[in-house]
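Q: I have a structure open and would like to go through parts of it. Can we start with a strand pair?

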Amino acid sequence: MGNAPMKLFTIPALENFLARLADHVLEKCSSDPLRLADTHIILPTERACLALEKALTCANKGRPLIMPHIKSITGWTQPHGTSTQVVSAPQRHLLLSQLLKEKTGYSWQECFSLATSLMQLLDQCHTEEIPLEKLEALVPEELSGHWQRSLDILRVLSYEWPLRLQELGLEDPLPARAHAFKQQVEEWRKSPPQGFVIAAGLVGSVPSVALFLKEISAFASGEIIFAGLDLELKEEDWQSLPPYHPQYGLKQTLERMDCRREQIQHLPSISLIQNSPFPLSLSPPSSLPWRSRLLKNLFAIQGLHCGSLQQCLQENALESIKLIEAESLQEEARIIALMIREGLNDPDNIIALVTPHRGLSDRVSAELKRWRIVPNDSYGESLFESSQGSFLTLSLNVALHPQNTVAMLGLLKHPLTLLGLHPAECRKMTRRLEMHYLRPLSPFEKLNLWQIEETDLASFCKTFFQAIAPLTAEPASLAEWIRRHRTTLETLAQDVKEEREEKEENRDEEGQEENEEIKQQEQTRLWQGKNGQATFELLQRLEKISPLHQVFTLKEYAFLVSTHLKKIRLTKTYGMHPRVHILGPLEARTLHFDLAILGAMNDAHWSESAQPDPWLSYEMKQHLGLPDESYRVGLMAADWMHLLHSKRVVLTCAQRENGLTMLPSRWLMRLKAILKSNDCISLLNPLEPWKKWAQNLDSLILKDRGQEDGQGNASCSSSSGRPAPRPPVSLRPRKLSVTDVQLWAQDPYALYAKKILKLSPLPPLEKEVTPATFGIVVHRALERYIHNAPAHQTHTHLLEYGRQAFGEMLEHLMIKTLWWPRFVRLCDWFLTEEKRRLPEIMTSWTEVKGHLVVDAPGGPFILTAKADRIDALKEGALEIIDYKTGELPSRKAVLNGEVLQLPLEAAITRYGSWENQNISSCPLKALSYWHLKGGIPPGSVLRFEETEKMAEKALATLEHMILLFDKERTPYRASAQNSNLYDPMARRQEWRNK
C-alpha cells in the first residue's frame, strides 16, 4: 500500500447513511464479489456494524453474500503479540486507590472517591495525548496551599502511576488503543488487503483516531466517508466555526488529518437500494432538502438569512417535525410510550427513542410493559439494580446495620433468599417474623432472638444471622472479604436440603474428576444466568487483584463493591421488539428511523453543560491543552441535526423534573424563537392530543380490553366517584366504642373499612417518636401515679414512672433533649394541679371500662368506653377527665355535639354502667379535658359542667345514627372534609375536586 491521493467523501445528512454505504461497497466489489471477504469497514459503534450487515443483505436482495470485515472503532483494545496487558477497570481503580492511600493516608473510602475523579482526568489527558508531566507546571508556587495539596495528589498520576503500571506489565486503555491503531496500520502496510479499507461515519475528535483515519486515507484502497459534512458552507464561515457548532468536530478532524475541505466530494451517485433495514426511503421526501437548509440556517455563523428562512418555511421544511412539552418527566415518558405504541401500527415502521437521559429511558421502558413491549435498549440494565446486584448490596446493608428491620426484611424477602427452605416456606417464615416480632417493636427497641417462642421461627432467625455472621468479623484483606461475602451469599441462597442431597448422589455417580466443577456450577441459583455470571466474575476479578497486606473495613468493602456494580451495565440478547429502539445520541449516529423521538430535550441533558472540575480550573485546562467544554456541545448538536433528518421527528421535553424547573435545549429555544418571530410556532404543534391521551391512558386501556359498563364507559370512570358502600344490615356493627362513634360521625366509610372490612394499617417498620408516642408514655406514667395513691407520691415518684414508661427510648438523643424536658415541665404542672384539687377528691380510678345498651329496630346496640380517669369528689359527685397531649377541641365544638367522646361517657354514667359499681351510683358533676402538652404553658384544663344536657344531646345523636344506618339503603359514604388512615382506600384525591 503506497501513498496515493486521499479519497475523502461525504454522504449528505438527508440520505440514509448505512444504506448508501452498503450500496457503495457492493458497487465497488461488483466486478469481483470475493473482494468483499478481504474488505475492512470501520464504523463508530457496534450497533452501526450490526445495522450495516442488515443493510448489505437488503442491498444484495437476499442473495448469498460474503460479509466484509466490519469493526467498530472501539474494537481495537490492545496490541496483540505483546506481554503488556490492558489494565481492567476494577484493577485500575483499586491500584490508583492504593497509591492514594500510600500517598495521603486517607481512608479507603476517601481514596476510592478520589481515584474515580482522577481516572476521569487521566482519560482526558490520554485522549488528547497530553504528557502527564505537564501537570507539574500547572500550579505556581505562589498559589494557595489548597492547590499545592492538589498538586501532591496529581503527582501520583504523573510519576507514581506510570511506574506502578510498568512494574505490573500493564497499560492504560487509551494509550493501548492508540498502539493498536499503529500496529494495525503497520500490518496493512506489510500485507495489504486485497479488498478496500473504508472508515465511515467517524469523527476524529480523538487525536489517535484522526491519525488512524489519515493513515487509512493514504492507502491506495483506503477511503474515508464522513456523515453530513457541509460542503456548501462559505470558506470564511468554515474557518471561524465556534466549538459548539455542529460542523466543528468534522473541521477539527480534517485539521488533524492535514486535509482541506476542498479535497472532499460527495460520494459518487450510483444505483440506490430499496428495502433498506431502516425504511426511510432513500428518495427523500420533498420537504427534507428544505428542512436541511433550514437547519443549516439555524446554526448560521453570520446570523439568520430571513429570505432563505421564509422560503424554507413556505416549502414546509418543518413538515413531520412536532414538539410536545410535558409538565413532568413521568408525563413525558407516558406520551413517548403512547407514540411508540401508535407507531407500531404500521408494520414497516422502525421507531427509536434517542435520549441521553437514562431516567427517561427507564420510565419509557416501564410504560411500554403495559403492552408487553420490550425495547432494544442500548443502555441496558445496571448490574447494581439487577436481582444479584441487589442481593449483594442488601446482604452488606444488613451486616452494616444488623438491627435495621427494613434492611433485614428486604434481604429475607429477596427471591434469592431460601436458607435451605422451599421458597413458599421461606416467605411464610419471613411473614410470621415480620407480623409477630418486627412490626410490633416500639421505637428504638431491638429484636431479641430469645423472645421468639416458636421453635421453627427461632431456628429460622438463627440460621439467618449465622449466614450474616461472616460479614460481621474483624477487618480483613479484600480477598478475605470476598470469600466471606461469597460464603454468606451462598448460605442465604442455599436451596432445599433434599434437592442438594439428590444432586450430591448424581455427582458421585458421574465421577470424582467432574465433581468439583459441577459442584461449583450448581452450588446455588445465585450465579446462574447472565447477571449471575457477571456478578460472579466481578467478585473473582476483585479477589484476584486484592492488594497484599492491605486491610479493609466492612464499610469500605461495601463501598467498593457497590461502586463497581453500578459501572457494569448488561444489555438483553433476546426477547426484544425488533422495531423499537432506545439509544443514546452517539449510538444513533449514522442510523435513520421512520419515527425518531428525541426525548428530554432540556439544556441540562442534551447540551452537556460543563461541570465543575475538582482538580483543574478553566484556565488550567486551557494551559494544559484540554479542549473547550463547548466542543462536546458541538458534537451533540451534530447528532441532533442528523436525527432531525429522519422521516418523522418528535421533540419532547419536561417543564419540571425532580421539583425543579427545566430549561429547554438551547437549539430548541432558538428554533422556537425563529418560528415565533415569523408567526409559525403552530407548525410544531402535533395533530393528535397526546397529552390528553396520556392523562387518560389507564381508562383507555381498560376500555380497549373490554372492561366497560353498559354505556360503553371504562369501568374505572364509574368507580372514580365517592365510595358509598351499602353492606347488609346483618354485617353492620352492633358494638362500638366512643372513639369509633366519633369516627362514624366524621367519616362513615372509615368505620366501614375498620369494622366491616376489618382492615387495619400495619405498624410501620421504621417507627418514629411522634406526639402519639408521647401521649402513650404520659398516659402510662400518670396511670401508675394515680394507681399508687397520689397523696403518698412525690415529684420524684412521677419522674421515675416516666422513666419506666419511656424505657430504652430515653437513651436516644432526640428523646433525651426534646421529649423528656417536656415531660418534666408537664410533671410540675400536673402536681400543682393535683395539689390544688386534692382537698376536693375522695378517690380516683384510671382506665375504667363502661358500657351502655341502646335499643334499636335492628337489635340492641352496645356502646363501650374506657375513661382515662374518673374522680369521686367528696361532695358525692363524679368528674370524668380525658388526657390530651395533642390539640384540644374547642368549647364550641364540644357543646354543639361535634365532639362526642366525653359527652357519650357522660351518657354511660347517666344511663349505662361502669365496671366499678361505686362509680355508677354517683351523679356526674363535670367533664374535663386536660391538655398535657409539656410546652409553655405546660398544661391547661377545659371543663364543662353542663353534663346532663351534653349527655342527652350526644345520646340523641347516637340513636339517630343507629336508626339511620339500620336501613340498608343508607351508605357508608366517604367524607370529603376529614382525613384519616383510610384515605388511600377511599381514593379521596381522585374525587374530592370533581
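A: Yes. In strand 3, H69 is the bridge partner of H40. Helices (H or I, at least four residues) and strands (E, at least two) are DSSP runs, numbered from the N terminus.

Q: How many bridges are there between strand 2 and strand 3, and in which sense do they pair?
A: Strand 2 (residues 40-43) pairs with strand 3 in the parallel sense, over four bridges. Two strands pair if DSSP finds at least two bridges between them.

Q: Which helix does the chain pass through from strand 2 to strand 3?
A: The chain goes through helix 2 (residues 46-59), and this β-α-β crossover is right-handed. Right-handed means that, with the strands pointing away from the viewer, the path from the first strand over the helix to the second runs clockwise.

Q: Which residues of strand 3 are on the covered face?
A: I70 and S72 are on the covered face of strand 3 (residues 69-72), while H69 and K71 are on the uncovered one. In a regular strand the side chains alternate between the two faces of the sheet.

Q: Is this model predicted or not, and how are things counted?
A: This is a predicted model: local features need pLDDT of at least 70, side-chain atom pairs count only at pLDDT 80 or more, and totals for chains, interfaces and linings use all residues. Residues are numbered from 1 along each chain as its sequence is written, and side-chain values use heavy atoms, with hydrogens and water left out.

Q: What is the mean pLDDT?
A: The protein chain has a mean pLDDT of 85, and 90% of its residues reach 70 or more. pLDDT is the predictor's confidence in each residue, from 0 to 100.

Q: Where does pLDDT stay under 50?
A: One such stretch is residues 271-283, for which the model has 36 contacts beyond four places in sequence. Contact means heavy atoms within 4.5 Å. Over residues 512-522 the pLDDT is also below 50, and that stretch has eight contacts beyond near neighbours in sequence. Where pLDDT is low, the predicted coordinates should not be read in detail.

Q: Back to the sheet. What is the strand order?
A: Six strands form an open sheet in the order 3-2-6-7-1-8, with parallel pairing. The edge strands are strand 3 and strand 8 (264-266), each of which pairs on one side only.

Q: What stands opposite F9?
A: Q265 in strand 8 stands opposite F9. Strand 1 (residues 8-11) pairs with strand 8 in the parallel sense over three bridges.

Q: New topic: at what angle do helix 4 and helix 22 pack?
A: Helix 4 (residues 108-127) and helix 22 (residues 554-567) pack at an angle of about 25°, and their axes are 8 Å apart. That makes helix 4 roughly parallel to helix 22. Angles under 35 degrees count as roughly parallel, over 145 as roughly antiparallel, 65 to 115 as roughly perpendicular and the rest as oblique. Axes are lines fitted to C-alpha atoms, for helices over the stretch in contact, and angles run from 0 to 180 degrees between N-to-C directions.

Q: Is H357 buried or exposed?
A: H357 is buried, with a relative accessible area of 10%. Buried means under 20% relative accessible area, exposed over 50%, partly exposed in between (1.4 Å probe, protein chains only). Leaving aside neighbours within four places in sequence, H357 is in contact with L329, Y379, A600, H605 and E657.

Q: Which residues does the cis peptide bond join?
A: A cis peptide bond joins I936 and P937, with omega about 0°.
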